Amino acid sequence: MLARKSAVVLVAAAALVAGAAASLAFGAVDVPFRTVLDALVSGGGADATPFERIVMQLRLPRTVEAAVVGAALGVAGALLQGALANPLASPDVIGVTGGAGFGALLIILIFPGSIALVPVGALFFGLLAATLVFAIAWAGPGGGSVGRLILAGIAMGSLFSGAMAGMMAAFPNRVPSAIFFLAGGLTTSGWGTLRSIAPYFVVGFVIAICLIRPLDRLALGDDVAASLGTRPRFIRLTAGIGAALLAAASAAIAGLLGFLGLVIPHVVRLAAGTSSHGFVIPVSALAGSALLVAGDTLARVARAPIEMPVGPLMVAIGVPLFLWLLRRSV
Amino acid sequence: MILEARDVEVAIAGTPILEGADLTLEAGRLVAIVGPNGAGKSTFVRAAAGIQKMQSGSVQWLGTDVRKLRGRKLAQIRAYVPQRPRVPDGMTAREALRIGRSAQLGPLRRATKADHAAVDEALERAGVGHFAERRLTTLSGGELQRVQIAVGLAQGAPTLIADEPTSHLDLGATVIVARLLRRLADDGLAVLLVVHDLALAAAVADTVVVMSKGRSVATGPPDDVLRRERIAEVWEVDAALRRGERGETALSVDWIGERIRLP
């Protein structure tokens, strides 16, 4: 049991290290690993070679973005699946994906002159959608139940998806520029976006850490959680807020990759044979990082110098892995 | 006195469920709450446990109003074992007990050796030590119920509240749970039990509380309270409690006779 858990952690950590090394070294031009190491050690200062500058100013921020977004989506999924006691829960379910997609498309299709605002639009509308879902789900008697939350989320998601389809129909000639965002993919854009979005990630991760024990209690049902001094509705709301922050911030950086949030916690649980949140939450972060860093590297090098969106690639890697684990599990 | 509940009234979504229920509980005693379906038994113990909000009345744990006790403090006074607990995938009995034990831990504190020892002790007391490493999803109904009680014991509270722990168990499993609860009371725990089986209540309880239509209508030793007239009045059935020389109990019921209609 312990060996199996350690093995999962070890494989995920090794994959992250290998993925990060490849991500820094490979791309439109290949940089020798030796030079990558030199650049990381020297910090790519003023006297850096062009190779070192590529590593430090272009590839390192992108690798870190991929790692952070992968971790955030893994944790968001683990939070929601734990809080809603529902294996189908993912950032889609609380409306974040639909809202973020709408916000980004609003900028790309209707205000293409302000393309730099895409992350802001995605973040704002992602959080707005989640807020609306929580407000609807918590209002009135019987508020805060799992069923109410999921139904409100699906309704809100449909609303924003409908609005997205409407906008795409109205501006068909601008749709191609939105495909990359919709499919989900990272871009090479330096540290700027990550720096401004970072606080949302930090708050989301801190919430996740604080919820590890309450979510374990919730796994035994609302009544047992209440017996142990945890308020189930409060925990569900907090978990929802944490997941919304992480997923909306992820969408602001990397577009719609909600699928990762659904699959990664399952992969971790099935592979390690435990659903203890003290294991599932941190290891989902690790595995999410590893998967997205590796996937992003593949997406960049597969048809270099053309970059593919990483989303479809993630699905292509993730689904077979997921189905294999699902079949194997008892 | 560990628990004192007076004139507890509860309404759920505007419908009154409890309209005046009383109860006292002391260490080393087992109190059984009996009554027909819909009499408000579960709601009463939930209100007493601080899980269900009440409209009026008072519930005091060790002299403190339940509404003034914060979650963790309350969790260290009483453990509540619900009627239909969730059985999560991929969790062993021991892991469930560790979660129960977390009531004794501060936020973000890790379990110590003493906590692991407390989990082992709770496993032994509930007689579930031999399947501690089995997954909850592989246990029988009776085994699962004992694990749920063990989770409550691991919580380390001086009071155990169990809501109908035997209602879906076979005879053998029911007897095991009944003996377990009686032994826990004899060991000094205060035990509050909601139960349908009047013969079982009479056999294990020190005090029986009869509930009818949202009120506690009688409280006292089983043989005084569960009289033929009261059973007729509350359940509308002609039945008598019989007690043998070794303390064995039976309910003799007129199953197919006329239903008793009281004026």
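Chain B has 263 residues and a radius of gyration of 19 Å, which agrees with the value near 18 Å for a compact globule. The radius of gyration is taken over C-alpha atoms, and the globule rule is 2.2 Å times the number of residues to the power 0.38. The structure is a predicted model: local features need pLDDT of at least 70, side-chain atom pairs count only at pLDDT 80 or more, and totals for chains, interfaces and linings use all residues. Residues are numbered from 1 along each chain as its sequence is written, while chains are lettered from A and ligands numbered from 1 in the order in which they are written.

## The two chains

Chain B holds nine helices and twelve strands. Chain A has 14 helices and zero strands. Helices (H or I, at least four residues) and strands (E, at least two) are DSSP runs, numbered from the N terminus. The radius of gyration of chain A is 20 Å, close to the 20 Å that the globule rule gives for 330 residues, so chain A is as compact as a globular protein of that length.

The table uses two terms. A residue is buried if 20 or more other C-beta atoms lie within 10 Å of its own, exposed if 12 or fewer, and partly exposed in between; C-beta atoms are placed from the backbone. Two residues are in contact if their C-beta atoms, placed from the backbone, lie within 7 Å.

| Chain | Box of C-alpha atoms along principal axes | Residues that are buried | Share of contacts (separation of 6 or more) between residues 24 or more positions apart |
|---|---|---|---|
| Chain A | roughly 65 × 55 × 35 Å | 53% of 330 residues | 76% |
| Chain B | about 60 × 40 × 30 Å | 46% of 263 residues | 65% |

## Inside chain A

Start with Leu16(A). This residue is found in helix H1 (residues 2-25). Leu16(A) is buried, with 22 other C-beta atoms within 10 Å. Leu16(A) and Ala290(A) are 274 residues apart in sequence, yet 4.0 Å apart in space, C-alpha to C-alpha. Not counting residues up to four places away in sequence, Leu16(A) touches Leu286(A), Ser289(A), Ala290(A) and Val293(A).

Next comes a helix pair. The axes of helix H5 (residues 118-138) and helix H11 (residues 232-254) of chain A come within 7 Å and cross at roughly 160 degrees. Axes are lines fitted to C-alpha atoms, for helices over the stretch in contact, and angles run from 0 to 180 degrees between N-to-C directions. That crossing makes H5(A) roughly antiparallel to H11(A). Angles under 35 degrees count as roughly parallel, over 145 as roughly antiparallel, 65 to 115 as roughly perpendicular and the rest as oblique. The contact of H5(A) with H11(A) has 15 nonpolar, two polar and no charged residues. Here Ala, Val, Leu, Ile, Met, Phe, Trp, Tyr, Cys and Pro count as nonpolar, Asp, Glu, Lys and Arg as charged, and the others, Gly among them, as polar.

Now helix H9 (residues 212-219) of chain A. Seven of its eight residues are buried, so H9(A) is largely enclosed by the rest of the structure. Among the buried ones are Arg213(A), Asp216(A) and Arg217(A). The buried residues of H9(A) pack against H3, H10, H11 and H13 of chain A, together with H3 of chain B. H9(A) is followed by Gly221(A), whose phi is positive, near 105 degrees.

## Where the chains meet

In this interface, 24 residues of chain B are in contact with 21 residues of chain A. On the chain B side, helix H2 (71-75), strand E6 (78-81) and helix H3 (93-101) each give two or more residues. By class, that side has 15 nonpolar, five polar and four charged residues.
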